[in-house]
Amino acid sequence: MGIGFFSVVLLVLVILLVLVSCIRIVPQAQAVVVERLGAYLDTWSVGVHFKMPFIDRVAKRVILKEQVVDFAPQPVITKDNVTMKIDTVVFFQITDPKLYAYGVENPIMAIENLTATTLRNIIGDLELDQTLTSRETINTKMRSALDVATDPWGIKVNRVELKNIIPPSAIQDAMEKQMKAERERRESILRAEGEKKSTILVAEGKKQSAILDAEADKQAAILHAEAEKEKRIREAEGQAEAILKIQQANADGIRMIKEAGADQAVLTLKSLEAFAKAADGRATKIIIPSEIQSMAGLTKSIAEIASNESSR
């Protein structure tokens, strides 16, 4: 009785364990490939699933999240026969768990080898300088080639990045010297440009200064000429006004003598005095009217007679 009860309990426990083992819980971002009797049965997604005991089994668990694989540096040869090493990083995602499980043995190794061969083909068509400056182009070509090649494996290649490009040490030394020479050349150009601009600015300053000096001299000459002109005008006006006043005074004197009843001889003498004052020593020739000339001759004759009479 005791042995039979123990056997029943043991059998129940075994059945429970078998049932529990047939329950599978698939977490988020994962998938499970199930086989029955060695053949593909189904792909389980997120949730709780049951399998038949002993005839069903989990063939592969697949992670559906994007994964990153960093491959070791691969030796490649450029078009101009330069050997270098390139380190690549591949970002991929499993889109079909069934194809991933049955498409290729060891998919990661397959992707690594495919990356190496594709990289060699692309770099073989480029020279060293193009390889160093065409990372984006190389990344795009590799992603396109790998995506097409891995599609039958249920893998989608999202991105391919060239992590490091390691040229030979001799090439690195030459590149460093070239970069140093280029920096020195740019420095020389910048220094020459600075000196050129400085010289131009100095010349422009001197030119502007000369122009301003010439303008100042011109303005000073104009002002001086205007001052001289004004001075001469004022002097001429003063002289004309003085002559006018003298003539006016003489005319007034003659009029007063005439009004006082002076004879013609006195008037003639006053007229001569007026002409003499008008000349003021500046004129070299004075034109005297004929009436005044005859009167002056008569006056001279009278003076000579008077003189002779007195001498007797």
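Let me begin with one residue, Lys-51, which counts as buried because its relative accessibility is 13%, where buried means under 20% relative accessible area, exposed means over 50%, and partly exposed lies in between, with a 1.4 Å probe and protein chains only. Lys-51 sits in the loop between E4 and E5, and here helices (H or I, at least four residues) and strands (E, at least two) are DSSP runs numbered from the N terminus. If we leave aside residues up to four places away in sequence, Lys-51 touches Ser-21, Cys-22, Arg-24, Trp-44 and Asp-56, a contact being heavy atoms within 4.5 Å. Its C-alpha is also 6.7 Å from that of Ile-23, although the two are 28 residues apart in sequence.

Before going on, I should say that this is a predicted model, in which local features need a pLDDT of at least 70 and side-chain atom pairs count only at pLDDT 80 or more, while totals for chains, interfaces and linings use all residues. Residues are numbered from 1 along each chain as its sequence is written, and side-chain values use heavy atoms, with hydrogens and water left out.

On confidence, the chain averages a pLDDT of 80, and 81% of the residues score at least 70, pLDDT being the predictor's confidence in each residue, from 0 to 100. Over residues 298-303 the pLDDT is below 50, and this stretch has one contact in the model beyond near neighbours in sequence. Where pLDDT is low, the predicted coordinates should not be read in detail.

As for the chain as a whole, it holds eight helices and nine strands, and buried residues make up 21% of its 312 residues. Of the contacts with a separation of 6 or more, 63% are between residues 24 or more positions apart.

Let me return to the loops, where two residues have an unusual backbone angle. Most residues other than glycine have a negative phi. Leu-37, in the loop between E2 and strand E3 (39-44), nevertheless has a positive phi, near 55 degrees, and it counts as exposed because its relative accessibility is 70%. Phe-54, which lies in the loop between strand E4 (47-50) and strand E5 (56-63), has a positive phi of about 75 degrees although it is not a glycine. Phe-54 counts as exposed because its relative accessibility is 77%, whereas Lys-51, in the loop between E4 and E5, is buried.

In strand E2 (residues 30-36) we find Gln-30, which counts as partly exposed because its relative accessibility is 24%. Not counting residues up to four places away in sequence, Gln-30 touches Trp-44, Ser-45, Val-46, Arg-61, Val-62 and Leu-64. The C-alpha atoms of Gln-30 and Pro-97, which are 67 residues apart along the chain, are separated by 9.3 Å.

Turning to the helices, H3 (residues 107-123) has 17 residues and reaches 24 Å from its first C-alpha to its last, close to the 24 Å expected at 1.5 Å a residue, where the expected span is 1.5 Å times one less than the number of residues. Its buried residues include Pro-107, Ala-110, Ile-111, Leu-114 and Thr-115, and among the elements that cover the buried residues of H3 are strand E8 (83-94), helix H2 (97-102), H4 and helix H5 (135-150).

Helix H4 is also the place of Gln-130, which is partly exposed because its relative accessible area is 37%. Gln-130 and Lys-79 are 51 residues apart in sequence and 9.8 Å apart in space, C-alpha to C-alpha.

What, finally, lines the largest pocket? The lining residues are Leu-128, Asp-129, Leu-132, Thr-133, Met-175, Gln-178, Met-179, Glu-182, Arg-183 and Arg-186. The elements that give two or more residues to this lining are helix H4 (128-133) and helix H6 (169-259), and the largest share, six residues, comes from H6.A pocket here is an open set of points, on a 1 Å grid over the protein atoms alone, where a 1.4 Å probe fits, with protein on both sides within 12 Å along at least five of seven lines, and lining residues have an atom within 4 Å of a point. By class, the lining of the largest pocket has four nonpolar, two polar and four charged residues, with Ala, Val, Leu, Ile, Met, Phe, Trp, Tyr, Cys and Pro counted as nonpolar, Asp, Glu, Lys and Arg as charged, and the others, Gly among them, as polar.
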